[in-house]
Amino acid sequence: MTSRPSIAFAKFAAPKKGSVFVLPADDGGLGETAKACDPAKTLERAFPIAEFTAKLGSVVEILAPEGTSLDRLVAVGAGKVSGLDEYAWMKLGGTIAASLRKATDVAVVLEIVGASPSGKDAANLAAGILLRSYVFDKYKTKKDKDDTKGDAKRPAKVTILTADPAAAKKAFADMEAVVDGVLLARDLVNEPANVLGPVEFAAQAKALEALGVKVEILAEKEMKKLGMGSLLGVAQGSPRGARMAVMQWNGGKAKDSPVAFVGKGVTFDTGGNSIKPASGMEDMKGDMGGAAAVTGLMHALAARKAKANVVGIIGLVENAVDGHAQRPGDIVTSMSGQTIEVLNTDAEGRLVLADALWYCNDRFQPKFMVNLATLTGAIMVALGQHYAGLFSNNDELAERLTAAGQATQERLWRMPLGAEYDKLIDSKNADMKNIGGRYGGAIIAAQFLQRFVKDTPWAHLDIAGTAMGSPSNEINQSWGSGFGVRLLDRLVRDNYEG
Ligand code: BES
Ligand code: MN
Ligand code: ZN
């Protein structure tokens with residue numbers, strides 16, 4: 001993984017060297033610790049000149065004058081501190097990380113006049129620092145050239161000075177697990193498809209065994225035996241094989257049925273014989289964003305020893321095109337026994353998920369299944385890139401997901417399902433076809449998936465717009481966002497633990 005800053009928490013004490021970040025509230029000045037820093041007076045003098053009023057997320061910076069031991073003093077506005085929620089603290093961390101630059105030794109003075117940020121607030125701040133600091137630069141052989149552009153590109157040691165460092169450390173232990181899950185998901189999405197194919201992705205899933213996750217990898221032979229003709233049909237145009245990773249984290253009570261997460265893992269989507277246009281095709285290295293989120297989530301849950309039984313299943317294929325590739329009009333038989341007329345080989349994600357969902361339901365009888373998939377361009381037409389599409393046969397699950405989305409700001413917008421849409425995928429020649437008509441493409445894809453979940457509570461998250469290439473923000477500047485990890489960790493944490 002790309003290197004990241006190391007985080008420590010300590011009691012208030014005026015830092016003697018390195019860069020110092022202080023957080024004043026919008027109605028107060030500097031706290032005692034900041035005031036004890038040598039150049040504090042100079043910083044305060046800069047406030048009016050820079051029109052700094054400590055508005056949330058605003059920044060003013062001075063380079064320490066000669067004769068003082070610090071390098072820099074940076075004030076970061078915290079606004080009205082009492083109103084800051086988890087995500088706001090994370091964003092503040094992001095703002096700090098954006099101005100770390102080359103600093104190797106950084107102190108963050110979380111001392112705010114008239115407010116007392118909790119350990120959890122400090123931990124969220126730290127999480128934001130880590131998330132914002134992520135850069136995918138492992139293939140850049142000349143890293144030094146552009147590392148002064150603003151965002152942190154070098155690991156730094158960040159010490160957060162706070163009232164109760166022990167509480168912060170405790171809260172951070174769980175959050176660090178989640179952050180690492182997000183970073184893993186980002187790495188997987190950013191990795192090019194020549195390096196990360198189905199076999200290599202499966203090995204990454206297998207590596208979670210080090211955290212106590214039980215991982216089985218199904219290869220073609222086993223999937224064929226199980227009758228996964230739908231998934232295997234997608235893979236048959238690629239020499240790189242297909243895999244399914246079945247991950248189990250059993251942190252709950254032995255008799256509790258698990259909750260399940262299923263991911264689309266198309267390591268590259270050329271479209272197959274229904275080939276995609278060349279322009280922008282490179283983005284299809286990220287067509288495994290659903291599988292990346294599930295893998296990152298399993299990492300997070302295991303690393304923080306979540307008290308829940310959780311299954312993660314990812315269907316891994318490359319949708320390539322050669323003489324063996326499936327053709328439009330081919331009819332395949334899915335594990336469910338239902339037959340599918342493949343009218344467009346580029347509507348492949350649903351074909352992969354059909355077997356993955358059926359297998360998951362059949363084997364584990366989970367409490368619910370949530371699948372994640374970069375499934376349709378149509379969801380981007382509908383929602384843009386700020387919300388993922390949510391489709392569900394179960395209101396309670398949909399509401400819990402929506403609430404988790406609000407809390408983490410990995411937001412979801414519910415879309416409809418219904419019999420009128422469902423009948424659009426009836427086929428003359430088979431039980432169903434894999435595309436519908438011109439309109440409602442994201443809904444049609446969801447209807448297709450619903451035919452493979454029976455009555456099990458289920459939700460489908462179409463993350464085509466949010467998993468990759470989404471607008472960067474305070475806590476993410478990377479193409480692969482890791483969308484879904486924080487969201488689903490939150491869903492599990494708030495509803496299915498203890
Ligand atoms: N992986 C794509 C969807 C996608 C498009 C994800 C752009 C991210 C960015 C999916 O496999 C696909 O090709 N969907 C088709 C479906 C169509 C053929 C019915 C689409 O959306 O055009
Ligand atoms: Mn496709
Ligand atoms: Zn695809």
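Student: Let's start with the ligand. How far does a polar side-chain atom of Asp-269 lie from an oxygen atom of ligand 1?

Tutor: Keep in mind that this is a predicted model. A polar contact needs N or O atoms within 3.5 Å. Asp-269 meets that with a polar side-chain atom, and its distance to an oxygen atom of ligand 1 is 2.9 Å.

Student: And which part of Thr-374 lies 3.4 Å from a nitrogen atom of ligand 1, backbone or side chain?

Tutor: Compare it with Lys-276, where an N or O atom in the side chain is 2.8 Å from an oxygen atom of the ligand. For Thr-374, the partner on ligand 1 is a nitrogen atom, and the N or O atom facing it at 3.4 Å belongs to the backbone.

Student: How much of the accessible area of ligand 1 does the protein cover?

Tutor: Ligand 1 has 17 residues around it, and among those that come nearest are Asp-287, Asp-346 and Glu-348. On its own, the ligand has 520 Å² of accessible area. The share covered by the protein is 77%.

Student: Now the nonpolar residues. Which helix gives the largest share of the largest nonpolar core?

Tutor: That core has 100 residues, and Leu-23, Ile-160 and Phe-261 are among those with the most contacts inside it. In soluble globular proteins, nonpolar side chains tend to be buried together. The largest share of this core is 12 residues, and they come from helix H5.

Student: How many residues are in the other core that lies apart from it?

Tutor: Look for Leu-218, Ala-235, Val-317 and Phe-452, which are among its members. The core they belong to has a residue count of 42.

Student: Is His-299 buried or exposed?

Tutor: First find His-299 in helix H9, residues 289-303. Further off in sequence, it touches residues including Ala-177, Asp-180 and Leu-208. Buried means under 20% relative accessible area. His-299 has 16%, so it counts as buried.

Student: What about Pro-457: where is it, and how does its 24% relative accessibility count?

Tutor: Pro-457 sits in the loop between helix H14 and strand E17. Buried would need under 20% and exposed over 50%. Pro-457 is at 24%, so it counts as partly exposed.

Student: How far apart are the C-alpha atoms of Pro-457 and Ser-392?

Tutor: Along the chain, these two are 65 residues apart. Pro-457 is also in contact with Asn-393 and Asn-394, among others. The C-alpha atoms of Pro-457 and Ser-392 are separated by 7.7 Å.

Methods
Residues numbered from 1 in each chain as written. Chains lettered and ligands numbered in written order. Predicted model: local features only at pLDDT ≥ 70, side-chain atom pairs only at ≥ 80, totals over all residues. Heavy atoms only, no water. Helix = DSSP H or I, 4+ residues; strand = E, 2+ residues; numbered from the N terminus. Buried < 20%, exposed > 50% of the residue type's maximum accessible area, 1.4 Å probe, protein only. Contact = heavy atoms within 4.5 Å. Core = buried A, V, L, I, M, F, W, Y, C linked by side-chain atoms within 4.5 Å. Near = heavy atom within 4 Å. Polar contact = N/O pair within 3.5 Å; in protein donor to acceptor, adjacent residues only side chain to side chain. Areas by Shrake-Rupley, 256 points an atom, 1.4 Å probe, with all protein chains shown as cover. Lists of a residue's contacts leave out its neighbours within four places in sequence.
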